[in-house]
Amino acid sequence: MRTIITLACVECKRRNYTTTKNKKNDQNRLERRKYCRWCRTHTLHRETR
């Protein structure tokens with residue numbers, strides 16, 4: 001039931017991280033504050049399709 005998703009930076013739109021999520025429990029798009037090495041700061045990362 002877990003699927004692989006990609007997290008992209010909101011600032012620079014680069015896809016920096018991959019993770020898994022359970023679609024049964026989390027139907028909405030995942031959002032996390034993570035470090036972006038291109039922006040060199042912690043920014044919001046959203047799930048991409």
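This briefing describes the fold, the strand pairing and selected loop residues of one protein chain. The model is a predicted one. The protein chain holds 4 strands and 0 helices, and its elements follow the order β-β-β-β from the N terminus. The 4 strands form an open sheet with antiparallel pairing.

**Overall dimensions and surface**

- Taken along the principal axes, the C-alpha atoms of the protein chain fill a box of roughly 35 × 15 × 15 Å.
- The protein chain has 49 residues, and buried residues make up 24% of them.
- The accessible surface of the protein chain is about 4100 Å², and carbon and sulfur atoms contribute 42% of that surface.
- Among the contacts in the protein chain with a separation of 6 or more, 34% come from residues 24 or more positions apart.
- The protein chain carries 15 positive and 4 negative charges; the mean positions of these two groups are 5 Å apart.

**Architecture of the sheet**

- Across the open sheet, the strands stand in the order β2-β1-β4-β3.
- The edges are taken by β2 (15–22) and β3 (31–36); each has a single partner strand, so one side of each is left without a neighbour in the sheet.
- Neighbouring strands of this sheet are turned by 40° against each other on average, direction ignored.
- As a general point, strands of a sheet pair through backbone hydrogen bonds, in either a parallel or an antiparallel manner.

**Pairing of β1 with β4**

- Strand β1 covers residues 2–9 and strand β4 covers residues 41–48; the two pair in the antiparallel sense over 4 bridges.
- L7 has E47 in β4 as its bridge partner.
- C9 has H45 in β4 as its bridge partner.

**Pairing of β3 with β4**

- Strands β3 and β4 run antiparallel and are joined by 6 bridges.
- The bridge partner of K34 is T43, which belongs to β4.
- A hairpin is formed by β3 and β4, with 4 residues between the two strands.
- The turn of this hairpin contains R40, whose phi is positive at about 60°.

**Residues in the loops**

- K13 is placed in the loop between β1 and β2. Its phi is near 65°, a positive value in a residue other than glycine.
- The relative accessibility of K13 is 61%; the cut-off for exposed is over 50%, so K13 counts as exposed.
- R40 belongs to the loop between β3 and β4. Although R40 is not a glycine, it has a positive phi of about 60°.
- With a relative accessible area of 69%, R40 is exposed.
- N25 occupies a position in the loop between β2 and β3, and its relative accessibility of 57% makes N25 count as exposed.
- N25 and L7 are 18 residues apart in sequence; from C-alpha to C-alpha, N25 and L7 are 18 Å apart in space.

**Points to retain**

- The order β2-β1-β4-β3 describes the open sheet, in which β2 and β3 stand at the edges.
- Strand β4 pairs with β1 over 4 bridges and is joined to β3 by 6 bridges.
- Exposed loop residues include K13, N25 and R40.

Technical notes:
Residues numbered from 1 in each chain as written. Predicted model: local features only at pLDDT ≥ 70, side-chain atom pairs only at ≥ 80, totals over all residues. Heavy atoms only, no water. Buried < 20%, exposed > 50% of the residue type's maximum accessible area, 1.4 Å probe, protein only. Contact = heavy atoms within 4.5 Å. Areas by Shrake-Rupley, 256 points an atom, 1.4 Å probe, with all protein chains shown as cover. Lys, Arg positive; Asp, Glu negative; His and termini not counted. Charge placed at Lys NZ, Arg CZ, Asp CG, Glu CD. Pairing = 2+ DSSP bridges. Axes fitted to C-alpha atoms, helices over the stretch in contact; angles between N-to-C directions.
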